[in-house]
Amino acid sequence: MQYMARVYVSLKPTVNDPQGLTVLGGLRNLGFEGVTGVRVGKYLEVTLEAASADEASTSVQEMCSRLLANPVIEQSRFDVEEASSGAAAPS
């Protein structure tokens, strides 16, 4: 069965985020004075074959710990759902 995993990777709260500070400065320069903080992260969609949702989740967890996130400075979370039959796999 085919599954879609939506993976969210962000810096741990204790890690400085210079890119977030740059985006914050840009937003303030554009007049968005109410913005008080920005943290930049990554969003990934992974389509995979697995026998069950539990197996897909286990695979995605391993992907996160081995490649998609740096466990020293990043944290990750993900959602796994059955892929719709009409959805095309990412290229």
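**Close-up 1. Q2 and its bridge partner, where β1 meets β2.** In this predicted model, Q2 is matched with E49 of β2 as its bridge partner. That match belongs to an antiparallel pairing of β1 and β2 that runs over nine bridges.

**Close-up 2. The other side of β1, facing β3.** Strand β1 takes in residues 2–11, and its pairing with β3 is antiparallel too, again over nine bridges. Pick out Y3 here and you'll find E82 of β3 standing opposite. Further along, Y8 has R77 as its bridge partner in β3.

**Close-up 3. The whole sheet, strand by strand.** Put the pairings together and you get an open sheet of three strands, ordered β2-β1-β3 and paired antiparallel. The edges belong to β2 (41–49) and β3 (74–82), each of which pairs on one side only. From one strand to the next, the twist averages 20°.

**Close-up 4. Two tyrosines side by side.** A pair of aromatic rings is described by the distance of the centres and the angle of the planes. This structure has one aromatic pair to look at. Its members are Y8 and Y43, with ring centres 5.2 Å apart and planes at 45°, so the pair counts as tilted. The two come from distant parts of the chain: Y8 sits in strand β1 and Y43 in strand β2, 35 residues apart. How accessible is Y8? Its relative accessibility is 27%, so Y8 counts as partly exposed. Y43 is also classed as partly exposed, with a value of 42%.

**Close-up 5. R6 and the residues around it.** R6 lies in strand β1. Its relative accessible area is 24%, which makes R6 partly exposed. Setting aside neighbours within four places in sequence, R6 is in contact with Y43, L44 and E45, as well as R77, F78, D79 and E81. One member of the tilted ring pair, Y43, is therefore among the contacts of R6. As for S57, 51 residues from R6 along the chain, the two C-alpha atoms are separated by 11 Å.

**Close-up 6. Helix α2 lying across the strands.** Residues 53–68 make up α2, which lies across β1, β2 and β3 and runs at about 155° to β3. Check the ends of this helix: with 16 residues, its end C-alpha atoms are only 19 Å apart, short of the 22 Å that a straight helix would reach at 1.5 Å a residue.

**Close-up 7. The two faces of α2.** Which residues of α2 are buried? They are A56, V60, C64 and L68. Seen down the helix axis, these buried residues fall within an arc of 80°, so they line one face of α2. What do they pack against? The answer is β1, β2 and β3. Turned away from that buried side is a face carrying D54, T58 and R66, which are exposed.

**Close-up 8. E74, a buried glutamate in β3.** E74 has its place in strand β3. Is E74 buried or exposed? Its relative accessibility is 15%, so E74 counts as buried. Leaving out residues up to four places away in sequence, E74 touches V9, S10, L11 and K12, along with K42, L68 and A69. Among these, L68 is also one of the buried residues of α2.

Conventions: Residues numbered from 1 in each chain as written. Predicted model: local features only at pLDDT ≥ 70, side-chain atom pairs only at ≥ 80, totals over all residues. Heavy atoms only, no water. Pairing = 2+ DSSP bridges. Helix = DSSP H or I, 4+ residues; strand = E, 2+ residues; numbered from the N terminus. Axes fitted to C-alpha atoms, helices over the stretch in contact; angles between N-to-C directions. Contact = heavy atoms within 4.5 Å. Expected span 1.5 Å × (residues − 1). Buried < 20%, exposed > 50% of the residue type's maximum accessible area, 1.4 Å probe, protein only. Arc of directions from axis to C-beta. Phe/Tyr/Trp six-rings, centres within 6.5 Å; stacked < 30°, edge-to-face > 60°.
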